[in-house]
Amino acid sequence: ESVEGPFHIEIQEVTFSYPETKKEVLSYLTLSIQAGEKLAILGRSGSGKSTLASLIRGDLLPTDGQITLNGIDTVRFGDSITDYIGVIHQNPYLFHTSILNNIRIGRQSATEEEVWDVLARVGLKEMVEALPDGLLTMVDEAGLRFSGGERHRMALARILLKDVPIILLDEPTVGLDPITEQALLDTFFNELHEKTIIWITHHLQGISLMDRVIFIEDGQLEMSGSPKEL
Ligand code: ATP
Ligand code: MG
């Protein structure tokens, strides 16, 4: 399947249990996300936020209900869903190859100049410049030579390079200092104002930049409103 923007996501009465357990992680969750919306998803640890992210992206399939992108079940997109929705997971995955290749996974045709540009936007340019091998520095599989915050920023750079219309961030600022975090939030909410951003977070910092905040509890949408109302 392929669809044209503006992109609009509908989560319709979605229920989900992991196969090996009986407990419903999400039950009859309904949520509609408009094109360009900046949505924050809050909820306690274990409330199902990351599970919801995986469902939206099609990495997990609902036990019941459906999720659509412009009216089409996301299941029908197969791998091409990644052209529409970019995800940064809680523990971003880096590959055992150069920094350049790790970022360019977003878009193979990108020039080195474009890669430097996204690195600058996520605040990694100076760090990479200081490495003896620069962009060609190898990343080991666990990404061990980079801190948690640097790994997150590399994943962010990858998504920025890919230029997808919908970006799903699962706690992308964990492990960042407040100044770097603020800079990243500014990148995401000012530069990318036309994109849909779904931001899963534990804390309230930066929430005033969002159009809407929802709380998930016991697998259901507990509360929703604009940051001002909360
Ligand atoms: P956190 O804020 O800690 O990241 P979360 O809201 O993202 O939490 P999820 O990771 O979606 O929560 O997990 C929701 C529930 O599903 C939890 O009870 C968790 O133990 C369970 N769960 C998550 N992944 C799996 C899995 N692969 N198999 C079985 N149960 C799982
Ligand atoms: Mg999570």
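Two strands pair if DSSP finds at least two bridges between them. Keep that rule in mind for the model shown here, which is predicted.

Begin with strands β4 and β5. Strand β4 covers residues 64-69. It pairs with β5 in the antiparallel sense, over 2 bridges. One facing pair is easy to find: T68 stands opposite D73 in β5. The two strands form a hairpin, with 2 residues between them. In that turn, N70 has a positive phi of about 50°.

Now look to the other partner of β4. Strands β1 and β4 are also antiparallel, and they pair over 5 bridges. Here T68 appears again, since E10 stands opposite T68 in β4. T68 thus faces D73 of β5 and also E10.

Step back to the whole sheet. It has 4 strands and is open. Their order is β2-β1-β4-β5, and the pairing is antiparallel. Which strands lie at the edges? They are β2 (26-33) and β5 (72-73), each of which pairs on one side only. In general, strands of a sheet pair through backbone hydrogen bonds, either parallel or antiparallel.

Next comes the helix. Helix α1 spans residues 49-57. It lies across β1 (9-16), β2 and β4. Its direction is at about 125° to β1. Why is α1 described as largely enclosed by the rest of the structure? The reason is burial: 7 of the 9 residues of α1 are buried, so the helix is largely enclosed. A residue counts as buried if 20 or more other C-beta atoms lie within 10 Å of its own. The buried residues of α1 are K49, T51, L52, A53, L55, I56 and R57. Just after the helix, G58 takes a positive phi of about 85°.

The helix leads on to ligand 1. How many residues surround ligand 1? There are 13, and the closest are Y18, S45, K49, S50 and T51. Helix α1 gives the largest share of this shell, 3 residues. K49 and T51, among the closest to the ligand, are also buried. By class, the shell has 9 polar, 2 nonpolar and 2 charged residues.

Conventions
Residues are numbered from 1 along each chain as its sequence is written. Chains are lettered from A and ligands numbered from 1 in the order in which they are written. This is a predicted model: local features need pLDDT of at least 70, side-chain atom pairs count only at pLDDT 80 or more; totals for chains, interfaces and linings use all residues. Two residues are in contact if their C-beta atoms, placed from the backbone, lie within 7 Å. Axes are lines fitted to C-alpha atoms, for helices over the stretch in contact, and angles run from 0 to 180 degrees between N-to-C directions. A residue is buried if 20 or more other C-beta atoms lie within 10 Å of its own, exposed if 12 or fewer, and partly exposed in between; C-beta atoms are placed from the backbone. A residue is near a molecule or strand if its C-beta atom, placed from the backbone, lies within 6 Å of it. Ala, Val, Leu, Ile, Met, Phe, Trp, Tyr, Cys and Pro count as nonpolar, Asp, Glu, Lys and Arg as charged, and the others, Gly among them, as polar.
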